[in-house]
Amino acid sequence: MPRHLHLSGVDGVVAPVPARTGDLFVTSHGLTWSVYPFIDGVDGWGGRMAVRHWQRLGAVLRAAHRLTPPRRVLDELPRPGWDTARYDVLAVRDERVRGSTSDTGVPTDFVAEWERHRGTVRALLDQMRTLAGYLRDRPGEQVVCHGDLHPGNLLIDGERVHLIDWDDVLLAPRERDLIFVPHDPRDPHGPTGGAAGPGRPVPLARPFRHGYGLRSDQIDWAALTYYRCERVVTDVIEWANQALGLTTDDPDTRAEATGWLRRQLAPGNDVDAVLLAARHLPAHLNILSPAR
């Protein structure tokens with residue numbers, strides 16, 4: 001997919017260099033190898049994405065979303081849909097974490113952090129289920145999505161922004177790729193015409209929307225809220241797996257799960273991004289409203 005996008009003129013996508021055989025990867029010494037051009041840049045973490053970079057990202061992503069790949073490629077792409085059954089494991093992890101004792105190796109501070117936020121995480125899953133039923137019955141456009149467009153998969157090279165790591169590429173609504181775009185605390189072109197007050201915040205930064213050519217009323221808020229919920233629930237399950245020792249035996253690695261869980265659920269982070277998007281939902285779909 002990245003090779004197709006790059007050859008189609010989306011120059012912000014970093015694509016593998018073909019081998020002498022023309023293949024995009026080779027197998028040798030028991031490993032699969034691909035060679036990519038070296039980008040002399042930095043990733044997007046730590047506030048490195050300036051206004052111009054968000055605008056550039058919007059333009060690159062729009063170009064990628066507008067392309068239709070060959071049928072042989074389309075047939076290989078996952079189409080996850082709106083299936084929330086796989087997240088029912090959250091209840092199992094909840095029971096194990098809350099029932100853990102000191103001899104199980106689960107960090108005690110992880111248990112305390114889990115207990116503090118478990119109601120919020122369960123509400124996010126309930127919101128996903130509500131939206132899944134709505135989205136499942138409603139047709140919508142699907143595009144080729146990167147699938148994991150966090151700042152670590154963006155490389156900044158001067159004025160340019162490069163998209164790397166297409167391992168999670170899928171066919172989905174474009175909102176799947178918008179979950180990490182930050183919100184504007186003040187946006188003169190937003191729905192309020194001024195400060196983004198508590199009634200109508202602006203969950204997608206104007207520079208990105210300008211680069212993409214996307215108005216606020218063109219955003220599928222149900223899909224965006226669903227995908228932002230999904231990201232949090234997926235990560236929380238992963239941190240639980242780590243703390244419970246299901247994915248690692250290393251005590252230090254298990255202990256790191258507490259910090260990841262705390263950061264993700266802290267004010268101003270991923271849960272707040274969900275709430276900002278959910279405020280644009282119709283009242284009957286928004287179960288995260290403070291009024292509830």
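1. A quick definition before we start: a strand here is a DSSP run of E covering at least two residues, and strands are numbered from the N terminus. With that in hand, histidine 29 is easy to place: it is found in the loop between E1 and strand E2 (31–33). Please keep in mind that this is a predicted model.

2. Stay with histidine 29 for a moment. Its phi is near 55 degrees, a positive value in a residue other than glycine. Why is that worth a second look? Most residues other than glycine have a negative phi. Is histidine 29 buried or exposed? Its relative accessible area is 77%, so it counts as exposed.

3. Now look at valine 26, which lies in strand E1 (residues 26–28). Valine 26 has 35% relative accessibility, so it counts as partly exposed; the partly exposed range runs between 20% and 50%. Together with Leu31 and Trp33, Val26 forms a nonpolar patch on the surface, and the three share about 280 Å² of accessible area.

4. Next, the sheet. In what order do the strands of the open sheet come? The order is E3-E5-E6, 3 strands with antiparallel pairing. Strand E3 (42–43) and strand E6 (160–163) are the edge strands: each has a single partner strand, so one side of each has no neighbour in the sheet. As a reminder, strands of a sheet pair through backbone hydrogen bonds.

5. Here is how the strands join up. E3 pairs with strand E5 (residues 154–157) over 2 bridges, in the antiparallel sense. On that side, valine 42 stands opposite isoleucine 156 in E5. Helix H2 (residues 51–66) packs on the sheet, where it touches E5 and E6, and its direction makes about 45 degrees with that of E6.

6. How many bridges join E5 to E6? There are 4, and the two strands run antiparallel. Isoleucine 156 turns up again here, with valine 161 as its bridge partner in E6. Leucine 155, for its part, stands opposite histidine 162 in E6. The hairpin of E5 and E6 has 2 residues between the strands, and glycine 158 in this hairpin takes a positive phi near 65 degrees.

7. Follow the chain past E6 and you meet aspartate 165, in the loop between E6 and strand E7 (170–172). Aspartate 165 is not a glycine, yet it has a positive phi of about 60 degrees. At 33% relative accessibility, aspartate 165 counts as partly exposed.

8. Finally, have a look at cysteine 229, which lies in helix H7 (residues 221–243). The relative accessible area of cysteine 229 is 0%, so it is buried. Which residues does cysteine 229 touch, leaving out those up to four places away in sequence? They are Leu124, Gln127, Met128, Val274 and Leu288. To get a sense of scale, try finding glutamine 55 too: its C-alpha atom and that of cysteine 229 are separated by 25 Å, and the two residues are 174 residues apart along the chain.

Terms used:
Residues numbered from 1 in each chain as written. Predicted model: local features only at pLDDT ≥ 70, side-chain atom pairs only at ≥ 80, totals over all residues. Heavy atoms only, no water. Patch = residues over 30% accessible without salt bridge, like charges linked within 9 Å, V, L, I, M, F, W, Y side chains within 5 Å. Areas by Shrake-Rupley, 256 points an atom, 1.4 Å probe, with all protein chains shown as cover. Salt bridge = Lys/Arg side-chain N within 4 Å of Asp/Glu carboxyl O. Buried < 20%, exposed > 50% of the residue type's maximum accessible area, 1.4 Å probe, protein only. Pairing = 2+ DSSP bridges. Contact = heavy atoms within 4.5 Å. Axes fitted to C-alpha atoms, helices over the stretch in contact; angles between N-to-C directions.
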